[in-house]
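Reader: I'd like to go through the binding site of this one. Can you put the structure up?

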Amino acid sequence: MTIPVKDKTGIAKMREACAIAATVLEQLKPLVRPGVTTQDLEEAGRDWIARLGARSACYGYQHGSRRYPAHTCISVNDEVVHGIPSFKRVLRDGDIVSLDIVVWHDGYVGDNAFTVPVGTISPTNEKLLRVTREALDLGIKQALVGNRIGDVSAAIQQFVEANGFSVVRDMVGHGVGVAMHEPPEIPNFGRRGTGDKIRTGMTLAIEPMVNLGAYKTKTLSDGWTIVTADGSPSAHFEHTVLTSEHGPEVLTIPRPVSA
Ligand code: MF3
Ligand code: CO
């Protein structure tokens, strides 16, 4: 499959969708504290998406015969991604919580995620968040025109494993644009110099998912929630990035909002 490249108009629309996705995420971060439920975060996310004139790309998203039932994905501790918000899930001091926000705006999709500490977390979890965040930055730095997707993958994997953690294999980053998932797949593991060539005008969702323990995952019986097989905590950071002659440009940058 050829990788779509965006023209000027497509890029302008991607900028807008991505700015909205980032702004929603930014508004949710300060709401994370002990006692809050993941449903509280879902409702705030749903309302911010609407207020900013967008639609959730997650709500109703079809996978097999199932449709995702919420506007946000909220994944706590050993939940890697696609956690379904619930009024039963109360955040506690020491938890880590991943917020994944994907929006549609004017025919284009913006996708980003961030893992936030709840109150005071363990030094190990602090390191897990820092390493995953830095792995994302290292991956983005490799999203250079002329490089290959494997250069992004290898940079992420090397850094994560050098720090004693593992990268999830079952889920990957992806192109994003007029659909939430476009080619190419962007694994968080792989070898330099392999995979598709990066060209000008690609919009890529780069998203390391990093486990404290082993890389294996399983899906819960709700059909969506991915958890680590060994129960260890997992972190997830994601940006949508535009590849350009001037180097990689992160599109998921929040905008100030008026109260
Ligand atoms: N960022 C996630 C992804 O790229 C969002 C999935 S939405 C869901 O897979 F509906 F699948 F949950
Ligand atoms: Co994504």
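Reader: Which residues are the protein donors of the cobalt ion (ligand 2)?
Author: This is a predicted model. In it, the cobalt ion takes Asp-111 (OD), His-174 (NE2), Glu-207 (OE) and Glu-238 (OE) as protein donors, at 2.1 to 2.4 Å.

Reader: What spacing do the donors follow along the chain?
Author: The pattern is D-x62-H-x32-E-x30-E.

Reader: And where do Glu-207 and Glu-238 lie?
Author: Both are in loops: Glu-207 between β11 (203–206) and β12 (209–211), Glu-238 between β15 (234–236) and β16 (239–242). The pair therefore ties together parts that are 31 residues apart in sequence.

Reader: OK, over to ligand 1. How many residues surround it, and which are the closest?
Author: Ligand 1 has 14 residues around it, and the closest are Cys-58, Cys-73, Asp-100, His-174 and His-181. His-174 is also one of the cobalt donors.

Reader: How does the shell divide into nonpolar, polar and charged?
Author: The shell around ligand 1 has 7 nonpolar, 3 polar and 4 charged residues.

Reader: Which oxygen or nitrogen atoms of ligand 1 have a polar side-chain atom at short range?
Author: For an oxygen atom of ligand 1, His-174 has a polar side-chain atom at 3.1 Å, and His-82 has one at 3.2 Å from an oxygen atom. On the nitrogen side, a polar side-chain atom of Asp-111 lies 3.2 Å from a nitrogen atom of the ligand.

Reader: How much of the accessible area of ligand 1 does the protein cover?
Author: Of the 330 Å² that ligand 1 has on its own, 95% is covered by the protein.

Reader: And where does ligand 1 sit?
Author: In the largest pocket.

Notes. Residues are numbered from 1 along each chain as its sequence is written. Chains are lettered from A and ligands numbered from 1 in the order in which they are written. This is a predicted model: local features need pLDDT of at least 70, side-chain atom pairs count only at pLDDT 80 or more; totals for chains, interfaces and linings use all residues. Side-chain values use heavy atoms; hydrogens and water are left out. A residue is near a molecule or strand if one of its heavy atoms lies within 4 Å of it. A polar contact is a pair of N or O atoms within 3.5 Å; within protein, one must be able to donate a hydrogen and the other to accept it, and residues adjacent in sequence count only if both atoms are side-chain atoms. Accessible areas come from the Shrake-Rupley method with a 1.4 Å probe; for residues, only the protein chains shown count as cover. On a 1 Å grid over the protein atoms alone, a cavity is a set of points where a 1.4 Å probe fits but cannot get out, and a pocket is an open set with protein on both sides within 12 Å along at least five of seven lines; lining residues have an atom within 4 Å of a point. A molecule sits in a cavity or pocket if more than half of its atoms lie within 2 Å of its grid points. Ala, Val, Leu, Ile, Met, Phe, Trp, Tyr, Cys and Pro count as nonpolar, Asp, Glu, Lys and Arg as charged, and the others, Gly among them, as polar. Donors are N, O and S atoms within 2.8 Å of the metal (3.2 Å for Na, K and Ca); water is not among the atoms, so sites may look incomplete. Helices (H or I, at least four residues) and strands (E, at least two) are DSSP runs, numbered from the N terminus.
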